[in-house]
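Trainee: I am new to protein models, so please choose one part of this one and take me through it slowly. I would like to know what it touches and how it fits with the rest.

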Amino acid sequence: MFETMTREELERELQATLAEMDEVEEMRRAVLGQTGVHVGARILQQYRTRFDNDQKRFEERAAQLCARITALTREPTT
């Protein structure tokens, strides 16, 4: 998936992925941390599941990007 990307492209993609992870966490706090609005338990669980799935997806993507950057660092230059 990331094999054809340069190190610079990978690092930019990693930064974008980390920023998206931060956004998911911010949204999680905003939605699930509300105290003044009544939201049903079922709706809260749907949001929690969605945030958890998004977080997992971004964590996996970040790990793949880091692994590829590490592999590029270890490859001999010709």
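**A close look at one meeting point**

Mentor: Let's begin with Glu25, which counts as partly exposed because its relative accessible area is 29%. For that scale, buried means under 20% relative accessible area, exposed means over 50%, and partly exposed is in between (1.4 Å probe, protein chains only). Please keep in mind that this is a predicted model, where local features need pLDDT of at least 70 and side-chain atom pairs count only at pLDDT 80 or more, while totals for chains, interfaces and linings use all residues. Residues are numbered from 1 along each chain as its sequence is written, and side-chain values use heavy atoms, with hydrogens and water left out.

Now look at the partners of Glu25. Arg28 makes a salt bridge with Glu25, and their closest N and O atoms are 3.4 Å apart. (A salt bridge here is a side-chain nitrogen of Lys or Arg within 4 Å of a carboxyl oxygen of Asp or Glu.) Both Arg28 and Glu25 sit in helix α1, three residues apart, which is about one turn of the helix. (Helices are DSSP runs of H or I with at least four residues, strands are runs of E with at least two, and both are numbered from the N terminus.)

Glu25 also has a salt bridge with Arg29, this time with 3.6 Å between the closest N and O atoms. Arg29 and Glu25 are both in helix α1 too, four residues apart, again about one turn of the helix. The two arginines have contrasting surroundings: Arg28 counts as buried because its relative accessibility is 16%, whereas Arg29 counts as exposed, at 52%. Salt bridges with shared partners link Glu25, Arg28, Arg29 and Asp52 into one network.

It helps to step back and place this network in the whole chain. The chain has two helices and zero strands. Helix α1 covers residues 7-32, and helix α2 covers residues 41-74. Along the principal axes, the C-alpha atoms fill a box of roughly 60 × 15 × 15 Å. Of the 78 residues, 21% are buried.

How many salt bridges are there in the structure? There are six. One of them joins the side chains of Arg61 and Glu13, at 2.5 Å from N to O. Arg61 belongs to helix α2 and Glu13 to helix α1, so this pair ties together parts that are 48 residues apart in sequence. Both ends count as partly exposed, with Arg61 at 24% relative accessibility and Glu13 at a relative accessible area of 25%.

You can follow Glu13 further. The C-alpha atom of Glu13 is 7.7 Å from that of Leu65, although these two residues are 52 apart along the chain. You can make a similar check with Gln64, which is in helix α2. Gln64 is separated from Thr17 by 47 residues in sequence and by 11 Å in space, C-alpha to C-alpha. Gln64 itself is partly exposed, at 41% relative accessibility.

For one more stop, go to the segment before α1, where you will find Phe2. Phe2 is buried, with a relative accessible area of just 6%. The C-alpha atoms of Phe2 and Ile69 are 9.5 Å apart, while their positions lie 67 residues apart along the chain.

Finally, return to helix α1 and find Glu23. Glu23 counts as exposed because its relative accessibility is 52%. Compare that with Glu25, which is partly exposed at 29%. As you turn the model, try tracing the network again, from Glu25 to Arg28, Arg29 and Asp52, and then find the Arg61 and Glu13 pair between the two helices.
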